[in-house]
Amino acid sequence: MSVVDASIAGTPADKRGHVDTGVLARSVAVIGAGWAGCAAALELARAGYKVTLLEAARTLGGRARRVETDRKHLDNGQHILLGAYSETLRLMKLAGVDHRQALLTLPLQMRYPPNTGGMDFAAPALPLPAPLHLAAALLRAQGLRREDKLSLARFSTTARWMGWRLNTDCSVSELLARFDQTPRLIQLMWRPLCLAALNTPPERASAQVFLNVLRDSLGAKRRASDMLLPRADLSALFPEAAARYVTEHGGAVRSGAKVNALRCIENRLWQLDISGAAVGGTWSTYFSGVVLAAGASQAATLLHDIPDHDAAAVCSQLTAFEPEAITTVYLQYDAATRLELPFYALLDDPDSHQYGQFVFDRGQLDAAQAGLLAAVISASGPVAAQPQELLAEAVAVQLAVAFQRPELGRPAWFKVITEKRATYASAPALARPDNATGLPGLFLAGDYTAGDYPATLEAAVRSGVAAAQLLQGSAV
């Protein structure tokens with residue numbers, strides 16, 4: 001086994017196998033260039049570390065990335081960010097991304113196509129302070145009966161009084177029943193919000209995690225509840241900008257570089273075995289610290305194989321996650337095709353082959369994608385198992401009926417993208433690992449580490465920042 005040049009990754013050994021620990025003092029590796037890894041790499045580069053960011057795939061972004069297909073740039077899942085995503089917005093700014101240009105900002109809303117039996121709930125554009133903006137939205141809401149509105153007001157008031165905390169976690173469905181939420185409000189508001197935020201059906205989703213999301217969005221400042229729709233693809237939105245920041249600050253970014261093994265050397269150095277075209281074969285190199293930001297199962301494999309380290313407890317947590325899929329059905333129409341709003345909620349009913357939960361008009365976000373609609377199906381495992389042609393046809397028919405526009409039932413082109421491990425099921429009282437691994441200079445980062453939020457972009461970014469801060473503290 002040879003050693004990669006320092007310009008590619010880390011610090012090599014000399015001809016006698018010795019490593020200059022002085023050179024290594026501020027040389028660190030980040031394994032995985034998803035949103036957590038990119039956040040960690042940016043924070044470490046900002047702190048003056050020489051960072052090597054390693055990604056096994058060719059495209060940066062992990063489970064929220066760009067997909068190139070049929071000469072089109074799509075995302076592997078349509079996303080909504082929230083104004084509460086404070087760390088994500090902070091790091092985007094540091095990376096040189098103007099979120100005012102990169103994201104379309106809309107007031108909180110849950111709006112269904114007219115004449116579908118849904119509702120029209122939207123916070124006013126006027127800068128009313130919280131929670132008056134929600135009160136105004138509730139008063140103006142159409143499609144909700146008086147008992148539905150009182151039910152929603154009661155939920156918000158009681159949750160605030162409780163401090164958004166539960167003594168014992170339970171499912172979202174149990175929470176809603178405890179708060180006497182009406183069936184219609186559950187169908188039109190709470191279930192879609194739970195699916196969108198936790199990617200887990202309410203009957204098996206964590207009520208405490210759901211309350212955490214509501215606390216920092218509906219229960220916080222007005223801008224925290226804003227909905228932010230990406231105009232750029234997910235790789236360009238942050239990961240590629242973070243990678244540029246790393247290289248501009250003396251670091252290196254290598255896609256197509258897979259880390260096969262980690263070894264701790266004398267409790268002070270880390271040896272990485274790396275393979276792939278990006279490093280020209282198979283190499284070993286050394287770092288003073290490592291942020292392991294790979295997916296949960298990959299992280300478990302690397303931790304399990306570290307010699308002389310009992311990683312059974314953390315590996316058990318990492319392998320216990322139940323994956324949840326997200327499917328996005330892209331439908332291309334004539335460029336003149338346009339919805340009245342950038343996105344709508346949809347009434348889904350799998351028993352009636354109505355699978356779409358939200359639909360986005362990509363042309364209103366990016367002029368180059370005029371006529372492209374993206375229908376999202378969260379927790380889509382059972383649905384995604386059917387043939388793509390049948391699923392795309394069912395969604396197209398659902399849109400044609402919902403919007404009373406027959407032409408939407410005849411797309412010129414379609415693409416179904418299912419990210420099978422988009423998130424994990426956010427179950428009640430789910431045990432999630434800490435950023436610290438118990439080994440010197442090695443820290444975990446990912447949307448699966450312990451924290452208040454479910455598997456969201458903000459959770460990933462916060463975890464990456466936390467891992468970077470722990471690594472800096474361990475070097476003191």
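Start with what covers helix α12. Select residues 296-304 for the helix, then add β12 (258-265), β15 (289-292), α13 (312-318) and β21 (442-444). These four elements are among those that cover the buried residues of α12. Keep in mind that this is a predicted model.

Which residues of α12 are buried? Show the side chains of A296, A299, A300, L302 and L303. Now look down the helix axis. The buried residues fall within an arc of 165 degrees, so they line one face of α12. The general rule is helpful here: an α-helix has 3.6 residues a turn, so residues three or four places apart point the same way.

Next, stay with β15, one of the elements covering α12. Is this strand covered on one face or on both? Both faces are covered. G289 and V291 sit on one side, V290 and L292 on the other, and all four are buried.

Now widen the selection to the sheet. Five strands form an open sheet in the order β11-β3-β2-β15-β21, and the pairing is parallel. Which strands are at the edges? Pick β11 (252-255) and β21; each of them pairs on one side only. On average, neighbouring strands are turned by 15 degrees against each other, direction ignored.

Zoom in on the two partners of β15. On one flank, select β2, residues 27-31. β2 and β15 run parallel and are joined by four bridges. Find I31 and look across: L292 in β15 stands opposite. For the other partner, select β21. β15 and β21 also pair in the parallel sense, over three bridges. Here V290 stands opposite L442 in β21.

Return to β2 and bring in helix α2, residues 35-46. This helix packs on the sheet and touches β2, β3 (50-55) and β15. Compare directions: α2 makes about 165 degrees with β3.

Last stop: E43, in helix α2. Buried or exposed? E43 has 4% relative accessibility, so it counts as buried; the cut-off for buried is under 20%. What does E43 touch? Leaving out residues up to four places away in sequence, select R90, L91, L94, V465, A468, Q469 and Q472. Each of these is in contact with E43.

How values were computed
Residues are numbered from 1 along each chain as its sequence is written. This is a predicted model: local features need pLDDT of at least 70, side-chain atom pairs count only at pLDDT 80 or more; totals for chains, interfaces and linings use all residues. Side-chain values use heavy atoms; hydrogens and water are left out. Buried means under 20% relative accessible area, exposed over 50%, partly exposed in between (1.4 Å probe, protein chains only). Helices (H or I, at least four residues) and strands (E, at least two) are DSSP runs, numbered from the N terminus. The arc is that of the directions from the helix axis to the C-beta atoms. Contact means heavy atoms within 4.5 Å. Two strands pair if DSSP finds at least two bridges between them. Axes are lines fitted to C-alpha atoms, for helices over the stretch in contact, and angles run from 0 to 180 degrees between N-to-C directions.
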